[in-house]
Amino acid sequence: TPYELGADSTFPYLKADADKDTPDQSLFKQHARIHIMTLASAFYLYNKPHYRKGSYRDDIVDNFRNVAIPGTGIPLSLVARSRLLSLGFVLTATPAV
């Protein structure tokens with residue numbers, strides 16, 4: 001499966017190597033794996049049913065309507081309306097922060 005961290009995984013360089021990695025490097029790699037999995041789960045759940053709304057998308061649009069992109073005043077809900085736009089935002093704006 002893609003969630004395993006073997007040689008055939010998507011991110012084999014994030015697999016902790018007890019022989020080479022310091023404890024700080026192992027912890028960094030663990031945090032990186034968690035962060036990537038969290039981002040990926042948002043896109044996986046995007047059109048899935050949600051307990052508060054019809055879909056996860058509808059819920060995050062409602063939740064982000066009062067949150068602005070810093071320094072712009074643009075509501076984050078505009079970005080959340082489209083999966084493609086959200087992906088573009090994650091790939092460009094997130095690394096900039």
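This section describes the fold of the protein and its helix α4 in a predicted model.

Residues are numbered from 1 along each chain as its sequence is written, and side-chain values use heavy atoms, with hydrogens and water left out. In this predicted model, local features need pLDDT of at least 70 and side-chain atom pairs count only at pLDDT 80 or more, whereas totals for chains, interfaces and linings use all residues.

The protein contains four helices and zero strands (DSSP runs numbered from the N terminus; helices are H or I of at least four residues, strands E of at least two), in the order α-α-α-α from the N terminus. Of its 97 residues, 21% are buried (under 20% relative accessible area, 1.4 Å probe, protein chains only). The accessible surface of the protein is about 7,300 Å² (Shrake-Rupley method, 1.4 Å probe), and 62% of this surface belongs to carbon and sulfur atoms. Among contacts (heavy atoms within 4.5 Å) between residues at least 6 apart in sequence, 19% join residues at least 24 apart.

Helix α4 comprises 14 residues (83–96), and its end C-alpha atoms are 20 Å apart, in agreement with the 20 Å expected at 1.5 Å a residue (1.5 Å times one less than the number of residues). At valine 90, α4 bends by about 30° (the angle between axes fitted to the seven residues ending there and the seven starting there). Val90 is also one of the buried residues of α4, together with Ser86 and Ala93; the cover of these buried residues includes α1 (23–45) and α3 (76–80). The N-terminal end of α4 is capped by serine 82, a side-chain oxygen of which lies 3.3 Å from the backbone nitrogen of leucine 84.

Methods:
Buried means under 20% relative accessible area, exposed over 50%, partly exposed in between (1.4 Å probe, protein chains only). A polar contact is a pair of N or O atoms within 3.5 Å; within protein, one must be able to donate a hydrogen and the other to accept it, and residues adjacent in sequence count only if both atoms are side-chain atoms.
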